[in-house]
Amino acid sequence: MVTFNVNDLKDMNARIGIFSDFLRSENVCDDDIFASKLVSSELIANVILHGGESAHFLGELFPDAIRITVTSPNQKDISVITPLPDVFAERGRGLYIIRCFGEIERIKEGLRVLIKLHI
């Protein structure tokens with residue numbers, strides 16, 4: 001399990017790198033590490049850009065999945081059901097991308113994504 005706070009998008013990549021290093025140390029395949037990095041960055045960026053607050057990250061590894069939870073005390077209620085956005089749309093691409101990699105769930109103050117591992 002890895003947990004941290006991100007207060008600024010400048011810190012985001014370094015913090016996500018901590019989670020990637022943890023997954024690598026647990027012999028998670030590169031494709032699943034890539035998916036977790038992409039999902040993590042989309043979730044964190046959504047919280048900071050649209051919520052204006054810091055993001056709390058919790059990354060967990062299970063035998064068959066990676067679970068990523070990102071929360072913020074002031075997170076706005078957002079729909080997790082997103083249609084395919086227009087290529088030029090300013091909103092909606094991030095959640096659509098996340099749904100391509102895992103199951104997304106709305107939880108209190110944030111979002112949780114479950115990525116099935118390639119075993």
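This is a short tour of some aromatic rings and one helix in a predicted model.

**Stop 1: Phe-4 and Phe-57**

Let's begin with the rings. The whole structure holds four aromatic pairs. Select Phe-4 and Phe-57 and look at how their rings sit: the centres are 4.4 Å apart and the planes meet at 10°, so this pair counts as stacked. Now colour by position along the chain. Phe-4 belongs to strand S1 (residues 2–6) and Phe-57 to strand S2 (residues 55–61), so the pair links distant parts of the chain, 53 residues apart. Switch on a surface and check both residues: Phe-4 and Phe-57 are buried.

**Stop 2: add Phe-19**

Keep Phe-57 selected and add Phe-19. These two rings make an edge-to-face pair, with 5.2 Å from centre to centre and 65° between the planes. Phe-19 sits in helix H1 (residues 9–25) while Phe-57 is in strand S2, so the pair ties together parts 38 residues apart in sequence. Phe-19 is buried, just as Phe-57 is.

**Stop 3: the whole cluster**

Which residues join up into one aromatic cluster? Select Phe-4, Phe-19, Phe-22 and Phe-57 together, and you have it.

**Stop 4: helix H3**

Now move along to helix H3, residues 93–101, and pick out Gly-94, Leu-95 and Ile-98, which are buried. Turn the view until you look straight down the axis of H3: the buried residues fall within an arc of 95°, so they line one face of the helix. To see what covers these residues, show helix H2 (30–51), strand S4 (103–107) and strand S5 (110–116), which are among the elements that do so.

Terms used. Residues numbered from 1 in each chain as written. Predicted model: local features only at pLDDT ≥ 70, side-chain atom pairs only at ≥ 80, totals over all residues. Heavy atoms only, no water. Buried < 20%, exposed > 50% of the residue type's maximum accessible area, 1.4 Å probe, protein only. Helix = DSSP H or I, 4+ residues; strand = E, 2+ residues; numbered from the N terminus. Arc of directions from axis to C-beta. Contact = heavy atoms within 4.5 Å. Phe/Tyr/Trp six-rings, centres within 6.5 Å; stacked < 30°, edge-to-face > 60°.
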